[in-house]
Amino acid sequence: MMETNMQKQTLRDWLLTDTPTSRRHARYAAAYSGWLTLKSNTMAMVGLGILLLLLFMAAFAPLLAPMDPFVQNLGGRLQPIGADGHILGTDSLGRDLLSRVIYGSRITLYIVTLVALIAPIVGLLVGTVAGYTGGIVDAVLMRITDIFLAFPRLVLALAFVAALGAGIENAVLAISLTAWPPYARIARAETLTIRNSDYIAAVKLQGAGAMRIITKHIWPLCISSLIVRVTLDMAGVILAAAGLGFLGLGAQPPSPEWGAMISEGRKFILDHWWVATVPGLAIFTVSLGFNLLGDGLRDVLDPKEGGHS
Amino acid sequence: MAVVENNGKGRRWSPLSSPAVILTFKTLGSIIVTMLGLAFITFVIGRVMPIDPVLSIVGEQASKSTYDDAYAALGLDKPIIVQFFIYIWDVMHGDFGTSLLTARPVVDDLIRRFPATLELATLGTIMGVTLGVPLGVLAAVNKGSWFDQIARVVALVGYSMPIFWLGLMGLLVFYGILGWVGGPGRVDIFYADIVPSVTGMILLDSMLDGNWDVFWNAMSHIILPATILGYYSLAYISRMTRSFMLEQMSAEYITTARVKGLPERTVIWGHAFKNILVQLITVIALSYANLLEGSVLTEIIFSWPGIGSYITTALLSADMNAVLGGTIVVGLVFVLLNIFSDLLYRVFDPRAK
């Protein structure tokens with residue numbers, strides 16, 4: 001009897017068990033049940049689909065793009081949507097818009113990935129150190145965080161780019177510099193609740209130092225709330241990057257950055273509307289994808305918040 | 001001072017120890033620290049910029065001695081700490097230097113342009129509140145219904161749309177194709193400068209002057225950018241309203257009210273909604289501050305002569321005094337609105353005391 005039961009047990013059963021046999025088993029089981037909740041959320045899955053599509057587009061851009069995004073063809077400039085050989089038309093220099101949008105996904109992904117790495121890590125460091133150390137360090141670090149939070153983000157990013165000079169890397173830096181404070185706040189709040197719990201006291205008694213407690217016991221618990229926040233923030237990051245590109249402060253021409261493409265198309269908006277419309281739709285779709293996924297992730301990873309929003 | 005010390009031991013009442021006074025001092029302290037921080041950040045930005053401020057004044061061909069004179073005149077030969085304090089002193093006196101573009105003091109430019117931004121953001125907030133609050137309340141009351149889903153999508157789309165693109169599309173459709181609204185700018189050119197400027201806000205000025213032609217023309221120009229800003233504020237306000245309302249609707253006093261047999265409308269608007277008002281006001285103040293910032297890109301699209309377009313134009317021509325001055329002013333307004341919303345919360349919510 002026991003034998004047959006064991007054999008019948010599928011991977012699914014193993015993952016859904018109420019009595020995990022090891023730590024790794026428990027971790028996989030928790031991840032799987034989270035995935036099931038996320039899967040039942042249609043909107044979150046649509047968001048995930050959009051983002052996977054973006055990844056796919058960026059990875060296989062040379063294969064997917066029908067033309068070279070930089071080759072100009074002044075004879076075939078400003079061709080409308082559906083023109084021969086140009087499904088989405090061409091811009092003012094005769095470059096194929098579809099190819100440019102496809103290559104632009106690489107730039108968007110590049111910016112988003114870098115900001116998603118830099119800002120939360122800075123925030124995590126500042127927040128956990130402030131929360132764990134307490135006292136004067138906490139007061140000073142949090143005051144600095146508040147000052148950055150008090151600044152309007154886009155205006156601050158504009159001022160930073162003005163000082164650093166235009167370009168993608170500087171745009172990433174400027175956006176990250178304005179994006180880290182909320183993460184520091186979250187990480188500090190989590191640290192404060194964890195710091196005085198019994199298991200931290202137990203680890204301390206075993207002789208663990210501050211370094212070990214922060215990296216091994218506090219950071220892992222901050223991750224889930226940070227991930228939710230990062231996903232929800234990415235839409236804002238894309239919009240900020242596109243805004244900087246639109247103002248000519250982000251990626252420089254002839255780079256097919258979506259915001260810069262809108263700025264190019266702005267001159268022809270009344271007669272050749274598609275030049276600005278197409279990249280704008282791309283920005284909108286991707287940031288909607290992040291928002292949809294973030295909304296769903298919040299329900300899964302952060303049940304406290306998910307209840308009432 | 002003696003009274004205060006005495007108060008510590010003897011619990012004698014003194015005006016200095018009342019919670020309101022302590023709160024005021026704390027708030028003032030936090031404003032001062034934050035503003036010093038803002039000034040420090042802008043100072044650092046001004047220092048690390050790659051453009052040589054001396055060269056941009058004296059020109060490339062200047063002799064060494066002219067250059068040195070200008071260098072000293074700008075105070076760049078002093079120690080950096082001294083420079084910082086001079087900068088703080090100037091900023092505190094409202095002296096942000098002279099704009100390279102307009103050749104006027106930056107402060108004058110900012111004062112002239114601020115009303116335009118204020119007008120736009122105010123109208124946007126009014127729209128966001130009048131539509132967003134009912135949307136959020138109805139979504140919360142009908143949680144899970146198709147209405148709730150639509151409200152959710154409306155908000156998510158608002159969060160995801162690049163504002164400058166939405167502005168362009170709005171111009172294309174409502175100005176270019178349909179011709180329903182006025183184009184970029186605040187009024188048509190032949191209506192410009194007709195009404196005397198009292199508040200700097202054209203809608204108010206034309207009303208004060210009784211010149212309704214100008215008023216309706218200005219209205220046709222402001223309606224599109226204000227609607228677009230209003231949509232953003234609606235997205236935020238409706239989501240927050242919904243989540244506040246859900247919190248109230250699950251409270252026990254709501255059940256009590258229902259059991260008493262109160263009509264549902266009274267339960268929702270008379271009981272639950274009344275209790276979220278304080279939270280709602282703080283959210284509206286925050287969204288107002290966000291609109292002041294969000295107007296940067298909108299102003300560019302609509303050639304709106306406000307602070308946002310001032311900062312951006314200055315930025316593109318490396319006019320650092322104007323950029324930093326504008327940044328500080330926007331930052332100041334932002335901080336004040338934040339603190340205002342915080343204060344409201346403390347004053348009106350007895351639990352926060």
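User: What does it take for two residues to be in contact, and how many residues of chain B are in contact with chain A?

Analyst: Two residues are in contact if their C-beta atoms, placed from the backbone, lie within 7 Å. In this predicted model, the partner side in chain A comprises 37 residues. The number of chain B residues in contact with them is 41.

User: Which helix of chain B gives the most to the side that touches chain A?

Analyst: Several elements of chain B give two or more residues to this side, among them helix 2 (19–48), helix 10 (212–249) and helix 12 (264–301). The residues of the side divide into 28 nonpolar, 10 polar and three charged. With eight residues, the element that gives the most is helix 14 of chain B.

User: Are helix 8 of chain A and helix 14 of chain B roughly parallel or roughly antiparallel to each other?

Analyst: Helix 8 of chain A spans residues 153–164, and its axis lies 10 Å from that of helix 14 of chain B. The two helices pack at an angle of about 160°, and angles over 145 degrees count as roughly antiparallel. Helix 8 of chain A and helix 14 of chain B are therefore roughly antiparallel.

User: Which residues of helix 14 of chain B make the contact with helix 8 of chain A?

Analyst: The crossing of these two helices is left-handed. The contact residues divide into six nonpolar, one polar and no charged. Helix 8 of chain A contributes V155(A), A159(A) and A162(A), and helix 14 of chain B contributes V323(B), L324(B), T327(B) and V330(B).

User: Within chain B, how do helix 9 and helix 10 cross, left-handed or right-handed?

Analyst: Helix 9 (residues 202–209) and helix 10 of chain B pack at about 165°, with axes 9 Å apart, and are therefore roughly antiparallel. Helix 9 of chain B contributes I202(B), L203(B), S206(B) and M207(B) to the contact, while helix 10 of chain B contributes V214(B), F215(B), A218(B), M219(B) and I222(B). These residues divide into eight nonpolar, one polar and no charged. The crossing of helix 9 and helix 10 of chain B is left-handed.

User: Which helix gives the largest share of the side of domain 1 of chain B that touches domain 2 of chain B?

Analyst: Chain B is divided into domain 1 (19–92) and domain 2 (106–352), whose C-alpha centres lie 33 Å apart. Their contact takes 14 residues from domain 1 and 11 residues from domain 2. On the domain 1 side, the residues divide into 10 nonpolar, four polar and no charged. The largest share of that side, 10 residues, comes from helix 2 of chain B.

Note on methods
Residues are numbered from 1 along each chain as its sequence is written. Chains are lettered from A and ligands numbered from 1 in the order in which they are written. This is a predicted model: local features need pLDDT of at least 70, side-chain atom pairs count only at pLDDT 80 or more; totals for chains, interfaces and linings use all residues. Helices (H or I, at least four residues) and strands (E, at least two) are DSSP runs, numbered from the N terminus. Ala, Val, Leu, Ile, Met, Phe, Trp, Tyr, Cys and Pro count as nonpolar, Asp, Glu, Lys and Arg as charged, and the others, Gly among them, as polar. Axes are lines fitted to C-alpha atoms, for helices over the stretch in contact, and angles run from 0 to 180 degrees between N-to-C directions. Angles under 35 degrees count as roughly parallel, over 145 as roughly antiparallel, 65 to 115 as roughly perpendicular and the rest as oblique. A crossing is left-handed if the near helix is turned anticlockwise from the far one by less than a right angle, and right-handed if clockwise. Domain bounds come from an automatic or database domain assignment.
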